[in-house]
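Work through these exercises with the model open beside you. Try each task before you read its solution.

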Amino acid sequence: MAELGHVVFYVRDLQASMRFYTEAVGLALQGMIFRGRGALLSGGRTHHELLLLEVGDAPAGPLQGRRIGLYHTGWKVGEDIADLKAALQRVTSMGVEIEGIADHTISQSIYLKDPDGNEVELYVDDPGVDWRNDASWMSAPVKTLDLYS
């Protein structure tokens with residue numbers, strides 16, 4: 001059985017990206033590599049789910065809009081809607097702009113961008129949806145979600 005092991009991002013400012021992924025997403029720094037130009041971060045499932053490699057200001061950022069390639073990374077930030085509300089409070093207190101909030105039936109999500117413009121989804125699964133035995137969620141429309149009340 002295959003599972004996603006890790007994602008690697010080239011970043012402009014390693015410290016800013018480390019702050020975002022530890023404080024906004026909730027990953028923990030596991031260690032530094034490549035003479036301090038790389039950071040291994042983990043949510044605890046494995047040695048690292050994310051590797052950040054600093055490349056400085058020269059390269060262009062990620063493409064925006066409809067394109068081929070990575071759309072976003074999704075990070076599960078808890079077990080219920082209260083955990084998602086806590087994540088929303090955390091990122092807004094950091095000054096991170098919210099790009100969107102959605103109810104996907106199977107999960108509820110907040111969308112934002114990291115310091116380099118990569119889209120990030122913070123989500124919780126809906127414990128009331130039995131995705132293993134009921135595929136009806138796949139045809140459900142995306143609904144609005146109010147996390148502010």
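**Exercise 1. Sort the lining of the largest pocket by residue class, then locate the pocket.**

Solution.
1. Start with the classes. This is a predicted model, and the lining of its largest pocket has seven nonpolar, eight polar and three charged residues.
2. Now find the centre. Of the 18 lining residues, Arg45, Glu49, Gly74, Trp75 and Lys76 lie nearest to it.
3. Ask which element gives the most to this lining. Strand β5 does, with five residues.
4. Add the volume. The largest pocket holds about 440 Å³.

**Exercise 2. Describe the second largest pocket in the same way.**

Solution.
1. Its lining has five nonpolar, four polar and four charged residues.
2. The lining counts 13 residues, and Pro62, Leu63, Arg67, Leu70 and Tyr71 lie nearest the centre.
3. The volume is about 210 Å³.

**Exercise 3. Follow Arg45 from the pocket to its salt bridge partner.**

Solution.
1. Recall the cut-off: the side-chain nitrogen must be within 4 Å of a carboxyl oxygen.
2. Check the pair Arg45 and Glu3. Their closest N and O atoms are 2.7 Å apart, and the pair forms a salt bridge.
3. Place both ends. Arg45 sits in the loop between β3 and β4, Glu3 in the segment before β1, and 42 residues separate them.
4. Judge the exposure. Arg45 is partly exposed at 48% relative accessibility, while Glu3 is exposed at 60%.
5. Look for a network. Salt bridges link Glu3, Arg45 and Glu49.

**Exercise 4. Is each partner in the salt bridge of Arg12 and Asp116 buried, partly exposed or exposed?**

Solution.
1. Confirm the contact. The two side chains meet in a salt bridge at 3.3 Å, N to O.
2. Place the ends. Arg12 lies in the loop between β1 and α1 and Asp116 in the loop between β7 and β8, so the pair ties together parts 104 residues apart in sequence.
3. Use the cut-off: buried means under 20% relative accessible area.
4. Asp116 has 9% and counts as buried. Arg12 has 29% and counts as partly exposed.

**Exercise 5. Analyse the salt bridge of Lys76, then give the total count.**

Solution.
1. The partner of Lys76 is Asp125, with the closest N and O atoms 3.8 Å apart.
2. Lys76 lies in strand β5 and Asp125 in strand β8, so the pair ties together parts 49 residues apart in sequence.
3. Lys76 is partly exposed at 41%, and Asp125 is partly exposed at 31%.
4. Finish with the total: the model has seven salt bridges.

Conventions. Residues are numbered from 1 along each chain as its sequence is written. This is a predicted model: local features need pLDDT of at least 70, side-chain atom pairs count only at pLDDT 80 or more; totals for chains, interfaces and linings use all residues. Side-chain values use heavy atoms; hydrogens and water are left out. Helices (H or I, at least four residues) and strands (E, at least two) are DSSP runs, numbered from the N terminus. Buried means under 20% relative accessible area, exposed over 50%, partly exposed in between (1.4 Å probe, protein chains only). On a 1 Å grid over the protein atoms alone, a cavity is a set of points where a 1.4 Å probe fits but cannot get out, and a pocket is an open set with protein on both sides within 12 Å along at least five of seven lines; lining residues have an atom within 4 Å of a point. Grid points are joined across faces, edges and corners, and a volume is the space filled by probe spheres set on the points. Ala, Val, Leu, Ile, Met, Phe, Trp, Tyr, Cys and Pro count as nonpolar, Asp, Glu, Lys and Arg as charged, and the others, Gly among them, as polar.
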